[in-house]
Every structure is written in C-alpha cells, then in structure tokens.
Amino acid sequence: MTPQDLFAEAADGSRLDDLGAPALPGEVRDLLAQAGAPARLVAHLRLVRAVAATIVDWLEAAYPHLGFDRHDVLFGAATHDIGKAVHRDELVGPGHEHEHAGERYLLAHGVVPHRARYARTHASWDADDVELGDLIVSLADKAWKGARVLDLEDRLVHLIAQRTGAEPWSVFSTLDDLLTEISADADARVRAQGAFPA
C-alpha cells in the first residue's frame, strides 16, 4: 500500500469519503506520514474528524456565540490518537501511553500547545482543566462508533447551558437527537476502519 493509499481507500476498496470522511488536511497528513502512522490509525482519524465536523456544525448553528475555534477542534480530532503511531499495541488494545506521547510528538513537530493538547485530553474529558474543544473531540471519539458516555455528554450539556443561558434539558434533547443520527452509521464506520491494516 502506497502512502497515498493510506489517505484514500480501505483494503476492501470501500472509500472513507463515502462515509462522509473527507481527506485529512495536508498538515495532518504530513504529521501522520512522518510518524509512520498505520493505515488503520489514519482511517480512524478521518472518521473521528468527520464526526467532530458534524458536531461542530451543529454547535455553530444552534449556539453561534458559544466560543470555540472550529479549526483547532478539527485539528485536534484529526490528530488525537497520533501517539498510537508510537504505541501501536494501543491501536488494537487498551492503553493510555499514546496520549502523552502524542502530545510530545506534536509539540516536537512545531504544533502549538493549544492544538497539541487534544492528543492528551481526548481521553481525560473529566479532568478539571478541560475546555469546550476538548469535550467536543472526546465526544467525537466516542460517537463515531455509536458509543454514548452519559457523564461526558452531561458535562458538555451543562457547559453549553452555562455559556448560552439555554435550558440544560433543551441542550440535551437536541444533542441526543444529533448523537442518534450519528450512531445510525456507526457500524459502517467501524467496518470501514477495520478494513485497514493495523
């Protein structure tokens, strides 16, 4: 498989863009290529970034003055697991070594700290220092496969309600509808990712 194939087609010929997962930005592709990212990791990052874009689109439409940087969040979604290029066993099994390794890798390659942080924070959404962007990336990393984490969703709902004055039940209701829609294609996304070699 050529480097271009890593960013285009799955081993079974299904295209990730058919699932609404467009190619990653050039800056991200370069970082992944330098890290020697396996094809399955690249597929995962494309899929999570696509789900993050759906969540960001919803937030921008529903709460236009919420206050987060779309580009930073999508960069974070596209690189959140880059540390798995170093800790490859965590691509197919559990582990948290990739989180700090990913942040260190990104910082070492000139990524600014407020963007590199997503590699560390995507799995620690319950920490005290997480921001709205961290919660969005964390949610996308769960929602792409149809997983629901109520504590994560609740934290996001309350932050949105606090910043906008919206009723928490209203925020939850619309978020729930969005996540239900995202979940409808979860099995297809999981199958597409699994078609790539790890």
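Here are four short exercises, with worked solutions, on how the helices of this structure pack.

The model is predicted, so to speak of local features a pLDDT of at least 70 is needed, side-chain atom pairs count only at pLDDT 80 or more, and totals for chains, interfaces and linings use all residues. Residues are numbered from 1 along each chain as its sequence is written, and side-chain values use heavy atoms, leaving out hydrogens and water.

**Exercise 1. Find which elements give two or more residues to the largest nonpolar core.**

Step 1. Start with the term: a nonpolar core is a set of buried Ala, Val, Leu, Ile, Met, Phe, Trp, Tyr and Cys residues joined through side-chain atoms within 4.5 Å. Buried means under 20% relative accessible area, exposed over 50%, and partly exposed in between, with a 1.4 Å probe and protein chains only.

Step 2. The largest such core holds 43 residues, and Ile 55, Leu 59, Ile 160 and Leu 175 have the most contacts inside it.

Step 3. The elements giving two or more residues are α3 (39-62), α4 (70-79), α9 (132-143), α10 (150-164) and α11 (168-183). Helices here are DSSP runs (H or I, at least four residues), numbered from the N terminus. The largest share, 12 residues, comes from α3.

Step 4. Now zoom in on Leu 59: leaving aside neighbours within four places in sequence, Leu 59 is in contact with Pro 64, Leu 66, Phe 68, Ile 136 and Ile 160. Contact means heavy atoms within 4.5 Å.

Step 5. There is also a second, separate core of 18 residues, with Leu 32, Ala 37, Val 42 and Ala 116 among them.

**Exercise 2. Decide whether α3 and α11 are roughly parallel or roughly antiparallel.**

Step 1. The two helices pack at an angle of about 150 degrees, with axes 11 Å apart. Axes are lines fitted to C-alpha atoms over the stretch in contact, and angles run from 0 to 180 degrees between N-to-C directions.

Step 2. Angles under 35 degrees count as roughly parallel, over 145 as roughly antiparallel, 65 to 115 as roughly perpendicular and the rest as oblique. Therefore α3 is roughly antiparallel to α11.

Step 3. Look at the residues that meet: Val 51, Thr 54, Ile 55 and Trp 58 in α3, and Val 171, Thr 174, Leu 175, Leu 178 and Ile 182 in α11.

**Exercise 3. Work out how α2 (residues 26-35) is oriented relative to α4.**

Step 1. The angle between these helices is about 25 degrees, and their axes are 10 Å apart. The two are therefore roughly parallel to each other.

Step 2. Glu 27, Val 28 and Leu 31 of α2 make the contact with Phe 75, Ala 78 and Thr 79 of α4.

Step 3. Check how covered α4 is: 8 of its 10 residues are buried. What covers them includes α2, α3, α6 (97-108), α7 (113-116), α8 (118-121) and α9.

**Exercise 4. Is Trp 144 buried or exposed?**

Step 1. Locate Trp 144 in the loop between α9 and α10.

Step 2. Its relative accessibility is 6%, so Trp 144 counts as buried.

Step 3. Not counting residues up to four places away in sequence, Trp 144 touches His 44, Leu 47, Val 48, Val 51, Ala 186, Arg 189, Val 190 and Gln 193. The C-alpha atoms of Trp 144 and Leu 47 are separated by 6.8 Å, though 97 residues apart along the chain.

Step 4. Turn to Ala 186, placed in helix α12 (residues 186-194). Ala 186 is buried too, at a relative accessible area of 3%.
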